[in-house]
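New to this one? Take a moment to look over the sequence and the fold, and then we'll walk through a few spots together.

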Amino acid sequence: MRTWGPSAVLATALLVPASMLSTPATAGVRTGGAAVRRLPAGAPPCPNVPAPATRPPQPPPAADPVARAVGGAALATAGLALPPAAPAPPAAPAPPAAPAPPAVTATSWVVADLDTGAVLGGCGPHEYGVPASVQKLLLAATMLPRLDPDREVTVTDEDLAIEPGSSAVGLVAGGRYRIETIWLGLLLKSGNEAANALARLGGGPDGTAGGIRAMNEEARRLGALQTHAVTPSGLDGPGQFTSAYDLALIARACFADPAFRRYAATRTAQVPAQPALGEKAFRISNDNMLLDHYPGAIGGKTGFTDLARHTYVGAAERGGRRLVVTLLGAEIPTQRGWQQGAALLDWGFGLPRDAAVGRLVRPGELDRAAASPTGAAAALAGGAGLGGAGAAATGAWPGTGPSVAVAAVLVAGGAVLLARRRRHAALAALPPGTALRGAAPEDD
């Protein structure tokens, strides 16, 4: 459990819009100037291991009951969300209990199935966090369909306006590069100048600002209601948030794209020379160590800023099953982000194939659900659309039990709240900002 002490005041002043400063009583209590997150009654705590004292995260926006229940009411917890034990057949011994998830330093995480959309488990799936460079996955989900990878473009001085010392590929102003090369620089080396270039190129007449606006529109389409992008790269900006659940939605969209899968699995790439500028060609290598150390790894993304701490998204395939792990707010006293992700992937692969505590909603589903009480019920209860066209269109997620009743309470106002949330977001969102000075380099 983390507390937000006096040093959080500075982060609040710099990074949180005034409209986001209210903290609901259900999320925490104020004692001596510090906000302490409380778990709901009966919720098992996450198995976090002690981590060194660090700069605390900024206070999150006010909780939205609709956003917290997306994918299943059981996911609306700051503690563990785990699948129930399978029932024993008649006259048979009870099956062994599902293995406990590993203890990690990440403050929130999700493990999900990329193909079926089942959420196998999580820790605070809908708790707000700061993304750092895993934000680049939202950029990829948004811009990959918009940009021709074979098109040659010119990098500008505007693209190179990034935080000094932050992660960069080494692109040069005036250099001519294929868009595919820029994608590789983004996903292999977490290049912040590559993120700026891709957002600008895909943003239409408004350039980078249009690219960021498109990212937020894509987040809404995917159902990532707790995600708000302010910078294309993930460098910290005012009012920039996400959640482990939202990251799983975004990652699923990315891994559905063949070009993304190819880029994310690339070990090394060549950045071409720029003879007119006196720049030689050079080789870049993939920073995602999961690819080299985890059998079946298919890609992912690392991230780090002082505010976000370590963030990570990784995916792997084993036995015809593809799982993704997302984690936020990790420290690395003994394990790096990818190692914590690997431990959670091992746990997920050890669960039965039908284990689930919720599901990842489909792109556009929440927009359609807003016009249909039945659709809203399915999206919140987490029971529809899993496993393809043959799955039931309505009904509770298997094993949710009484939690469906909780979702039913939320459904009555779900459509209205979704519309109200979008109107509020349009009013409260700040114009795209630049990276804050003083943020640490993204070294992951």
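There are 14 helices and 14 strands in this chain. Keep in mind that you're looking at a predicted model. Of its 444 residues, 55% count as buried. As for how the chain folds back on itself, take the contacts with a separation of 6 or more: residues 24 or more positions apart account for 71% of them.

How far can you trust the picture? The mean pLDDT of the chain is 79, with 69% of the residues at 70 or more. Two stretches need some care. Residues 1-38 have a pLDDT below 50, though the model still gives this stretch 76 contacts beyond near neighbours in sequence. Over residues 383-443 the pLDDT stays under 50 too, and here the model has 110 contacts beyond four places in sequence. Where pLDDT is low, the predicted coordinates shouldn't be read in detail.

Now for a pair of helices. At what angle do α3 and α6 pack? The angle is about 90°, and their axes are 9 Å apart. Angles of 65 to 115 degrees count as roughly perpendicular, so α3 is roughly perpendicular to α6. On the α3 side, the residues that meet α6 are Leu 138, Leu 139, Ala 141, Thr 142 and Met 143. From α6 come Gly 211, Ala 214, Met 215, Glu 218 and Ala 219. Sorted by class, this contact has 7 nonpolar, 2 polar and 1 charged residues.

Next, the aromatic rings. The count comes to 3 aromatic pairs, and the table gives two of them, including their geometry.

| Pair | Centre to centre | Angle between planes | Type |
|---|---|---|---|
| Tyr 128 and Phe 241 | 5.6 Å | 75° | edge-to-face |
| Phe 255 and Phe 260 | 5.1 Å | 85° | edge-to-face |

Which parts of the chain does the pair of Tyr 128 and Phe 241 link? They are distant ones: Tyr 128 is in the loop between β6 (118-123) and α3 (136-143), while Phe 241 is in the loop between α6 (207-222) and α7 (244-255), and the two residues are 113 residues apart. Phe 241 has a relative accessible area of 2%. Buried means under 20%, so Phe 241 is buried.

And the other pair in the table, is it buried or exposed? Phe 255 is buried, and Phe 260 is buried as well.

Notes: Residues are numbered from 1 along each chain as its sequence is written. This is a predicted model: local features need pLDDT of at least 70, side-chain atom pairs count only at pLDDT 80 or more; totals for chains, interfaces and linings use all residues. Side-chain values use heavy atoms; hydrogens and water are left out. Rings of Phe, Tyr and Trp (its six-membered ring) pair if their centres lie within 6.5 Å; planes under 30 degrees apart count as stacked, over 60 as edge-to-face and the rest as tilted. Helices (H or I, at least four residues) and strands (E, at least two) are DSSP runs, numbered from the N terminus. Buried means under 20% relative accessible area, exposed over 50%, partly exposed in between (1.4 Å probe, protein chains only). pLDDT is the predictor's confidence in each residue, from 0 to 100. Contact means heavy atoms within 4.5 Å. Axes are lines fitted to C-alpha atoms, for helices over the stretch in contact, and angles run from 0 to 180 degrees between N-to-C directions. Angles under 35 degrees count as roughly parallel, over 145 as roughly antiparallel, 65 to 115 as roughly perpendicular and the rest as oblique. Ala, Val, Leu, Ile, Met, Phe, Trp, Tyr, Cys and Pro count as nonpolar, Asp, Glu, Lys and Arg as charged, and the others, Gly among them, as polar.
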